[in-house]
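Q: I'm new to this one and would like a close look at a single part. Could you start with one ring and work outward from there?

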Amino acid sequence: MKYSLILLVISCISLSLCTDTVKIDIIDRPKDCKRIAKAGDKVSMHYDGTLLSGKPFDSSRSRNTPFDFVLGKQQVIKCWDESIPQMCVGEKRRLTCPPEYAYGDRGFGDIIPAKSTLVFEVELLDILSSASGSSTKKEETPKKEEPKTETEPAEEEAHPEHDHPDSFESVDKDGNGEITREEMTAYIKSYSEQEDGENMPEDEEIKTLISEIFQSDDTNKDGSLSKEEYYHGQEQAAKDAEGMDHVDDADLRDEL
């Protein structure tokens, strides 16, 4: 017969006749106590049992086999049924169980004498299922695998570098991600001064140019150019210029 059988209930004296009570000493209790045992839970325990004299009589640890049972169903001695509830998973307690809460006047064979006070050091390893019958272990939800897509090139790779004279950042002086008419005007004037020197365009010419730029490039008509709108306009201007070059070449061939 396995020693763990000694934890099965044997009739003991009614609680109303008990003269002593169970003593509970908390040896160690986790600071983060999220799972607590209650009546009806199926729990898994480790224990070391000794007589009051210190003589050992049973140990699940020595067998390296946890003991599983349902709390409050008289599957163990009354001392356990009344002392294990409210334990946290990972908590350790020392239970001093008077005979009335253990094996009473009958004892247990040659292992536990009659009217013995028993001492158990117990550890709650796990709550295998709750009183409702559901498992308390969290099941990991499989992660939904996202469809693989080709990595899109970074915006900086698709457009000129920030320090390029025609870059968006060189025009967007306040760095708010939008180019206003005033910023575009200042940029064109600064660029013209560097490139043309004395042949600066008149203010009216610049004003007309700004109107044309915003008319064609400000696609959402919010009065400013986003980075996408700015570079789209740059690309379109480059295509238009390339088309003009082809027209000029054709005219030249016709003249020849």
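A: Let's begin with W80, which has a relative accessible area of 0% and so counts as buried. Keep in mind that the model is predicted. The ring partner to look at here is F67: the two ring centres lie 6.3 Å apart with the planes at 70°, and because that angle is over 60 degrees, the pair of F67 and W80 is edge-to-face. F67 belongs to strand β4 (residues 67-70), while W80 is in helix α2, so this pair links distant parts of the chain, 13 residues apart. And is F67 buried or exposed? At 13% relative accessibility, F67 counts as buried, and W80, as we saw, is buried with 0%.

Now widen the view a little. W80 and F67 are part of a cluster held together by ring pairs, whose members are Y47, F57, F67, F69, W80 and F120. If you search the whole structure, you'll find 11 aromatic pairs. One of them joins Y47 and F120, again edge-to-face, with 6.4 Å from centre to centre and 70° between the planes. Y47 sits in strand β2 and F120 in strand β6, so that pair ties together parts that are 73 residues apart in sequence. How covered are these two rings? Y47 is buried, its relative accessible area being 0%, and F120 is buried too, with a value of 0%.

While you're in strand β6, which covers residues 118-129, have a look at D126, which is also placed there. D126 counts as buried, at 13% relative accessibility. Its side chain makes a polar contact with the side chain of R35, at 3.0 Å.

From strand β2 you can step over to the charged residues. The loop between β1 (23-28) and β2 (42-51) comes up in the next contact. R29 makes a salt bridge with E91, and their closest N and O atoms are 2.6 Å apart. R29 lies in that loop, whereas E91 is in the loop between α2 (78-83) and β5 (92-97), so the salt bridge ties together parts 62 residues apart in sequence. Notice that α2 is the helix where W80 sits, so following the chain on from our starting ring leads you to the loop that holds E91.

The two partners differ in how covered they are: R29 counts as partly exposed at 36% relative accessibility, but E91 is buried, with a relative accessible area of 0%. E91 has a second salt bridge as well, this one with R93, where the closest N and O atoms are 2.7 Å apart. R93 counts as buried at 7% relative accessibility. Put together, R29, E91 and R93 are linked in a network of salt bridges.

Across the whole structure there are 11 salt bridges. Another of them is between the side chains of K189 and D203, at 3.8 Å from N to O. K189 is in helix α5 (residues 181-196) and D203 in helix α6 (residues 203-217), so this contact ties together parts that are 14 residues apart in sequence. K189 is partly exposed, with a relative accessible area of 31%, and D203 counts as exposed at 53%. There's one more contact to find in this area: the charged end of R181 sits over the ring of F214, 4.8 Å from the ring's centre.

Finally, step back to see where all this fits. The protein has seven helices and six strands, and along the sequence they come in the order β-β-β-α-β-α-β-β-α-α-α-α-α. Of its 256 residues, 34% count as buried, and W80, at 0% relative accessible area, is buried as well. For contacts between residues at least 6 apart in sequence, 65% join residues at least 24 apart. The Y47 and F120 pair, 73 residues apart, and the R29 and E91 salt bridge, 62 residues apart, are two links you can trace by eye. As for the surface, the protein exposes about 17100 Å², and 49% of that comes from carbon and sulfur atoms.

Technical notes:
Residues numbered from 1 in each chain as written. Predicted model: local features only at pLDDT ≥ 70, side-chain atom pairs only at ≥ 80, totals over all residues. Heavy atoms only, no water. Helix = DSSP H or I, 4+ residues; strand = E, 2+ residues; numbered from the N terminus. Buried < 20%, exposed > 50% of the residue type's maximum accessible area, 1.4 Å probe, protein only. Polar contact = N/O pair within 3.5 Å; in protein donor to acceptor, adjacent residues only side chain to side chain. Contact = heavy atoms within 4.5 Å. Areas by Shrake-Rupley, 256 points an atom, 1.4 Å probe, with all protein chains shown as cover. Salt bridge = Lys/Arg side-chain N within 4 Å of Asp/Glu carboxyl O. Phe/Tyr/Trp six-rings, centres within 6.5 Å; stacked < 30°, edge-to-face > 60°. Lys NZ or Arg CZ within 6 Å of the ring centre and 35° of its normal.
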